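Here are a few exercises to help you find your way around. Try each task on the structure before you read the solution.

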Amino acid sequence: MSERKTRILIAKPGLDGHDRGAKIVARALRDAGFEVIYTGLHQTPEQIVETAIQEDVDAIGLSCLSGAHMTLFPKVTRLLKERGIDDILVTGGGIVPEEDIPALKEAGIDKVFGPGTPLQDIIDYHNDKCGTGK
Amino acid sequence: MDLAERVLSGDKRGVARLISLIESEDEDAYVQLGKLHSHTGNAHIIGITGPPGSGKSTIVDKLAKAFRGMDKTVGIIAVDPTSPFTGGAILGDRIRMTDLTLDPGIFIRSMGTRGHLGGLSRAASGAVRVMDAYGMDIIILETVGAGQSEVEIVSHAHTTIIVEMPGLGDEIQTIKAGIMEIGDIFIINKSDREGADKTSMEIQAMLGLNPNKPEWVPPIIQTIARKGKGVDAVIEKIEDHYQYLKDSGMYEKMIEQGIREELDVQIKSQLGRIIKNIINEEKLEDLVKDIVDKNIDPHTAARLLLKDIEDKLSE
Ligand SMILES: Nc1nc2c(ncn2[C@@H]2O[C@H](COP(=O)(O)OP(=O)(O)OP(=O)(O)O)[C@@H](O)[C@H]2O)c(=O)[nH]1
Ligand SMILES: [Mg+2]
């Protein structure tokens with residue numbers, strides 16, 4: 001019997017128009033054997049949570065460069081909780097200042113990857129927490 | 001509640017979970033699918049195939065919106081290729097369907113091919129059945145844009161749509177040899193670009209050579225999917241085709257054919273499992289040695305092993 005393959009939603013909440021970083025992460029995760037669902041720019045937290053449910057993902061990676069991460073990231077975790085979901089790993093990336101990290105963790109973001117995080121760290125983290133894609 | 005019951009009660013997470021279970025070929029998935037069987041057979045299944053980037057996902061988005069306007073619920077299964085080297089995939093068809101996400105009458109699932117050839121994934125037909133039992137009126141299957149091998153779609157869809165675009169030129173001649181016969185409806189998308197009429201004519205000419213569906217003449221429709229242009233005409237033809245299938249008795253034939261194929265798959269996979277369970281490993285190893293030593297040939301050895309199984313089965 002084959003095992004479950006790990007599925008990761010890479011989502012960009014908010015209004016900023018750059019998804020280069022998110023695409024690079026998506027590709028790196030694919031190359032590490034994960035199944036990555038990529039939904040493009042300008043996703044609302046509601047859309048992200050709904051997508052995560054339909055796609056039955058193991059993890060959500062949020063990327064935000066607009067500076068609105070302090071409202072958008074916690075909104076995603078709050079909506080997940082409201083729908084009774086506590087088994088999806090949520091990480092954040094983009095431009096998140098060091099001092100914001102404790103509050104985000106408090107709000108249920110499992111891990112924040114700051115600018116310049118090696119891609120391998122992101123891969124390792126998901127391998128560790130969700131099991132490998134292979 | 002088990003997963004089948006959750007699907008039937010309209011629980012979205014149940015639908016999503018069961019599809020994952022089917023994808024990982026979990027034994028329980030088949031049990032759950034079995035429980036759903038009597039609740040399936042109500043959906044109109046539409047397959048969409050065509051070269052990469054021709055606009056399949058954009059068209060799916062527009063078709064789904066049109067069907068919603070007609071008060072029909074829509075399930076979408078969008079397949080993208082899995083890398084044969086890493087086993088990973090980027091599933092990006094949803095990018096074109098963002099507006100559909102929050103509509104409670106729509107359920108979208110992305111899938112990787114996971115090593116399956118033919119433009120679909122092995123789990124696609126199971127996912128169709130789950131969505132059917134979940135109550136989706138229309139189910140749209142988008143294949144990977146491989147160009148050549150997507151003919152498999154016909155055995156899963158009632159209505160098969162082929163999306164082409166202008167400017168593929170000679171490619172049409174070469175790639176499409178096997179594809180032309182499977183199209184019930186042809187779309188020339190991106191007809192805002194030059195050459196749409198030429199492409200239409202080329203397809204028309206090729207269809208002329210291939211009159212194998214005498215009572216249904218496949219229409220060729222030009223669209224600009226990004227602007228929603230031509231989509232109403234496509235919807236009309238989809239409905240016409242469904243009506244044709246029903247009126248001509250083709251629909252019943254298709255269902256029966258589908259069931260035969262499914263039964264065949266099930267028999268083979270269950271038989272494979274039985275054989276694995278009851279084959280005598282020791283005897284098999286001995287026979288391998290004997291074959292190496294030329295004391296017996298593979299054909300006779302296989303007969304010997306199967307004789308054991310026959311005896312066991314008739315016990
Ligand atoms: N010019 C023009 N571009 C279009 C039209 N329809 C879609 N596109 C664009 O074509 C590109 C590919 O569209 P998709 O819908 O993703 O195509 P696809 O066939 O699903 O692609 P794959 O799933 O990757 O094979 C996108 O940039 C669309 O915006 C159209 O009618 N005209
Ligand atoms: Mg697509």
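**Exercise 1: a salt bridge in chain B**

The side chains of Asp61(B) and Lys62(B) meet in a salt bridge, 3.6 Å from N to O. Keep in mind that you're looking at a predicted model. Your task: decide whether Asp61(B) counts as buried or exposed.

*Solution.* Start with the cut-off: buried means under 20% relative accessible area. Asp61(B) has 3% relative accessibility, so it counts as buried.

**Exercise 2: a pair within one helix**

Find where Glu202(B) and Lys198(B) lie, then work out which class of accessibility Glu202(B) falls into and which one Lys198(B) falls into.

*Solution.* Step one: both residues lie in helix α7 of chain B (residues 196–208), four residues apart, or about one turn of the helix. Step two: their side chains meet in a salt bridge at 3.3 Å, N to O. Step three: the relative accessible area of Glu202(B) is 18%, so this residue is buried. Lys198(B), at 51%, counts as exposed.

**Exercise 3: a pair that links distant parts**

Now look at the salt bridge between Glu50(A) and Arg83(A). Which parts of chain A does the pair link?

*Solution.* First, check the pair itself: the side chains meet at 3.1 Å, N to O. Next, place the partners: Glu50(A) is in helix α2 of chain A (residues 45–54), while Arg83(A) is in the loop between α3 (69–82) and β4 (89–94) of that chain, so the pair, 33 residues apart, links distant parts of the chain. Finally, compare their surroundings: Glu50(A) counts as buried at 5% relative accessibility, and Arg83(A) is partly exposed at 41%.

**Exercise 4: where the chains meet**

Describe how chain B touches chain A: how many residues are in contact, and how many salt bridges are there between the chains?

*Solution.* Begin with the contacts: 30 residues of chain B are in contact with 32 residues of chain A. The area buried between them is about 2600 Å², with carbon and sulfur atoms giving 49%. Arg13(B), Ile90(B) and Arg94(B) supply 22% of what chain B buries there, more than any other three residues.

Then look at the strands. Strand β2 of chain A (residues 35–38) runs parallel to β3(B), joined by three bridges, and Val36(A) stands opposite Ile90(B).

Last, count the charged pairs: there are eight salt bridges between the chains. One of them joins Arg7(A) to Glu23(B) at 3.7 Å, N to O.

Definitions and conventions. Residues numbered from 1 in each chain as written. Chains lettered and ligands numbered in written order. Predicted model: local features only at pLDDT ≥ 70, side-chain atom pairs only at ≥ 80, totals over all residues. Heavy atoms only, no water. Contact = heavy atoms within 4.5 Å. Buried area = accessible area lost by both parts, 1.4 Å probe. Salt bridge = Lys/Arg side-chain N within 4 Å of Asp/Glu carboxyl O. Pairing = 2+ DSSP bridges. Helix = DSSP H or I, 4+ residues; strand = E, 2+ residues; numbered from the N terminus. Buried < 20%, exposed > 50% of the residue type's maximum accessible area, 1.4 Å probe, protein only.
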